[in-house]
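User: Please take a close look at one helix of this model, the second along the chain, together with what packs against it and what follows it. A connected account is preferred to a list.

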Amino acid sequence: MLLALLLVSLAAFLFGYAKLVSVAFQNLRLPLRDMIWAAAAGPAMNILIAVTAALLSHLIVYVPNSAASRIVGNLNNSITINVFLVVFNMLPLLPLYGGRVLLGLLTRPSPAKSAASADSRHRVSHCSS
């Protein structure tokens, strides 16, 4: 309710935050590779949102002049915020996404774990008669 009141009152500054998304790494088939994909998903969505806002800004000619300036401002803000989030989150520091991507790229799986993992996924049953 408070957020709605602030939006209606045209507050100059609103601040929000995101809850951390937990990933059960033990459930990943290839933890190092899949950790990279999980970490890259957030920045990929920010890029998608920024590109969508940029594409929508080309449709502003179809909007009435009375609303066009506010819509252009919102689209520009969306582009700016999402590009900033991509750059910030991809800094190579843990717990940011960039740190997780770097960790996944620099860590080598141990041969014993890789063999055990591959064996458990590709186990073949032999029947004796």
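Analyst: The account below starts with the basis of the values, then turns to helix H2 and its surroundings.

The model is predicted, so local features need pLDDT of at least 70, side-chain atom pairs count only at pLDDT 80 or more, and totals for chains, interfaces and linings use all residues. Residues are numbered from 1 along each chain as its sequence is written, and side-chain values use heavy atoms, with hydrogens and water left out.

The protein chain has 5 helices and 0 strands, in the order α-α-α-α-α along the sequence. Helices (H or I, at least four residues) and strands (E, at least two) are DSSP runs, numbered from the N terminus. Of the 129 residues in the chain, 16% count as buried. Buried means under 20% relative accessible area, exposed means over 50%, and partly exposed lies in between, with a 1.4 Å probe and protein chains only.

Helix H2 covers residues 31-57, and helix H3 covers 65-89. The axes of H2 and H3 are 8 Å apart, and the two helices pack at an angle of about 155 degrees. Axes here are lines fitted to C-alpha atoms, for helices over the stretch in contact, and angles run from 0 to 180 degrees between N-to-C directions. H2 and H3 are therefore roughly antiparallel; that label applies to angles over 145 degrees, against roughly parallel under 35, roughly perpendicular from 65 to 115, and oblique for the rest. The crossing of H2 and H3 is left-handed, a term for a near helix turned anticlockwise from the far one by less than a right angle, with clockwise giving right-handed.

Leu-48 belongs to H2 and counts as partly exposed because its relative accessibility is 47%. Between Leu-48 and Ile-79 the C-alpha separation is 9.9 Å, at 31 residues apart along the chain.

H2 also meets helix H4, residues 97-106. The axes of H2 and H4 come within 8 Å and cross at roughly 155 degrees, so this pair too is roughly antiparallel. The crossing of H2 and H4 is left-handed. Val-101 lies in H4 and is buried because its relative accessible area is 14%. The C-alpha atoms of Val-101 and Ile-36 are 4.7 Å apart, although 65 residues separate them along the chain.

Side chains of opposite charge can pair when their charged atoms come close. The whole structure holds 1 salt bridge, defined as a side-chain nitrogen of Lys or Arg within 4 Å of a carboxyl oxygen of Asp or Glu. Its partners are Arg-33 and Asp-34, with 2.7 Å between the closest N and O atoms. Arg-33 is partly exposed because its relative accessibility is 44%, whereas Asp-34 is buried because its relative accessible area is 15%.

Tyr-62 sits in the loop between H2 and H3 and is exposed because its relative accessibility is 69%. Together with Leu-56, Leu-59 and Val-61, Tyr-62 forms a nonpolar surface patch with about 470 Å² of accessible area. Patches are made of residues with over 30% relative accessible area and no salt bridge, joining like charges within 9 Å and nonpolar side chains (Val, Leu, Ile, Met, Phe, Trp, Tyr) within 5 Å. Accessible areas come from the Shrake-Rupley method with a 1.4 Å probe, and for residues only the protein chains shown count as cover.

Pro-95 is in the loop between H3 and H4. Most peptide bonds are trans. The bond joining Leu-94 and Pro-95 is cis, with omega about 10 degrees.
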